[in-house]
Amino acid sequence: MERISVFILVFLYFISTKIACNGHTHINNNVQFERRALIDFKSGLIDPNNRLSSWKGNNYCYWHGIGCENGTGFVVSIDLRNPYPYTLEYEYENQRYMNLSGVISPSLIKLKYLKYLDLSFNSFKPIPIPQFFGSMKNLVYLNLSHCEFIGEIPSNLGNLSNLQYLDFSSDRTYYSDFGYSSYLFIKNIEWMTNLVSLKHLGSNYINLSMVGSQWVEVLNKLPMLTELHLDGCSLFGSIPTPSFVNLTSLAVIAISFNEFNSTFPEWFLNVSSLVSIDIRANELHGRIPLGLGELPNLQHLDLSANDLEGSIPSSIGNFCNLQYLDLSFNNLNGSLLDIINGTETCNSKSPLPNLRVLHLGSNQLMGKFPNWLV
């Protein structure tokens with residue numbers, strides 16, 4: 001009996017050791033595979049400031065911009081955004097100096113567990129957004145903004161059903177007979193309906209003129225969308241009304257610097273989650289709707305540089321959380337005292353108790369500022 005017990009113990013030890021060794025070999029193979037994919041990716045890049053100087057040796061999880069899953073060594077994030085995303089002119093030279101450029105290697109496809117990829121504010125001109133990005137189906141976050149890509153945005157990005165954040169905003173435009181246009185464009189936006197997990201869409205200065213009015217119905221099929229940025233996208237005509245408003249989570253909508261010849265889209269009033277509305281520099285006409293003051297969470301409202309007319313509705317005084325209000329450069333008239341409602345609604349001694357910025361210039365308003373505005 002003792003001999004049998006000893007035999008069983010030895011057998012179990014042998015099996016467990018073999019499993020452990022095989023597991024260790026498997027992890028080592030994964031490590032080498034991931035490292036090779038990163039090296040191939042680096043080999044296509046031009047790095048004038050040696051931002052990737054740490055990309056050497058075997059421990060790639062400590063390389064600049066790389067994040068790994070604990071225990072496995074799988075690469076889950078690559079963050080190589082330019083550390084100087086220019087916001088002021090004097091920062092422009094720093095931004096250019098720190099640019100990565102060159103070719104984006106398809107070896108990134110081999111990083112099967114990659115969830116986060118940020119290449120923003122680099123310079124990959126004059127190449128299009130790589131088609132293979134549409135095969136990286138584990139991506140949750142993809143930021144390709146201000147990378148100077150050109151051409152059509154690949155429709156197979158619609159395969160990324162796990163994506164929650166997508167930004168391919170551009171700042172490269174050229175002047176044509178139709179005004180300023182982007183080097184990046186979308187012909188058919190229908191593929192976006194497959195992005196069922198999307199929460200943030202950044203598409204500023206992407207040419208959407210060929211999409212027409214389709215954009216509202218398509219984006220209305222993304223119920224988790226919280227931020228929508230479509231500034232300067234060459235959208236035109238009226239702002240369509242969806243057959244049924246499904247954007248129940250939408251907090252931010254920014255559609256400024258387009259060519260909308262439209263009244264204020266009243267379906268916005270059915271989106272009670274809105275925190276920020278920016279429709280400046282379009283051709284909005286007509287009156288500001290009376291029901292606008294019924295959006296309880298609104299903090300930012302910019303309707304400047306349009307052709308709005310009539311008086312400012314007193315219901316705007318109901319904006320208890322409003323911090324920024326810009327109605328300048330319109331054709332508004334009436335008395336400033338007309339917006340004093342809201343004292344009781346906000347449980348405050350004055351309307352708009354949280355207001356920090358107010359622009360009403362270049363209208364036809366009359367009267368003195370109320371004491372609570374001075």
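Which residues gather in a patch of negative charge on the surface? They are Glu259, Glu283, Asp307 and Glu309. The model behind this report is predicted.

**Overall build**

Three helices and 24 strands make up the secondary structure of the chain. The chain has 374 residues, and 48% of them are buried. Contacts with a separation of 6 or more were also sorted by distance along the sequence: 64% of them join residues 24 or more positions apart. The accessible surface comes to about 18,700 Å². Carbon and sulfur atoms hold 54% of that area.

| Chain-wide property | Value |
|---|---|
| Buried residues | 48% of 374 residues |
| Contacts between residues 24 or more positions apart | 64% of contacts with a separation of 6 or more |
| Accessible surface | about 18,700 Å² |
| Carbon and sulfur share of that surface | 54% |

**The negative patch**

Take Glu283, one of the patch residues. Glu283 sits in a loop. Strand E17 (276–278) comes before that loop, and strand E18 (285–287) follows. Is Glu283 buried or partly exposed? Glu283 counts as partly exposed because its relative accessibility is 38%, and the range for that class runs from 20% to 50%.

**Arg35 and its partners**

Now to a helix. Arg35 belongs to helix H1, which covers residues 2–43. Which residues does Arg35 contact, leaving aside neighbours within four places in sequence? The partners are Gly57, Asn58, Tyr60 and Trp63. For Tyr60, a backbone distance is available too: its C-alpha atom is 6.4 Å from that of Arg35. Along the chain, Arg35 and Tyr60 are 25 residues apart.

Technical notes: Residues are numbered from 1 along each chain as its sequence is written. This is a predicted model: local features need pLDDT of at least 70, side-chain atom pairs count only at pLDDT 80 or more; totals for chains, interfaces and linings use all residues. Side-chain values use heavy atoms; hydrogens and water are left out. Helices (H or I, at least four residues) and strands (E, at least two) are DSSP runs, numbered from the N terminus. Buried means under 20% relative accessible area, exposed over 50%, partly exposed in between (1.4 Å probe, protein chains only). Contact means heavy atoms within 4.5 Å. Accessible areas come from the Shrake-Rupley method with a 1.4 Å probe; for residues, only the protein chains shown count as cover. Patches are made of residues with over 30% relative accessible area and no salt bridge: like charges are joined within 9 Å, nonpolar side chains (Val, Leu, Ile, Met, Phe, Trp, Tyr) within 5 Å. A salt bridge is a side-chain nitrogen of Lys or Arg within 4 Å of a carboxyl oxygen of Asp or Glu. Lys and Arg count as positive and Asp and Glu as negative; His and the chain ends are not counted. The place of a charge is taken as NZ of Lys, CZ of Arg, CG of Asp or CD of Glu.
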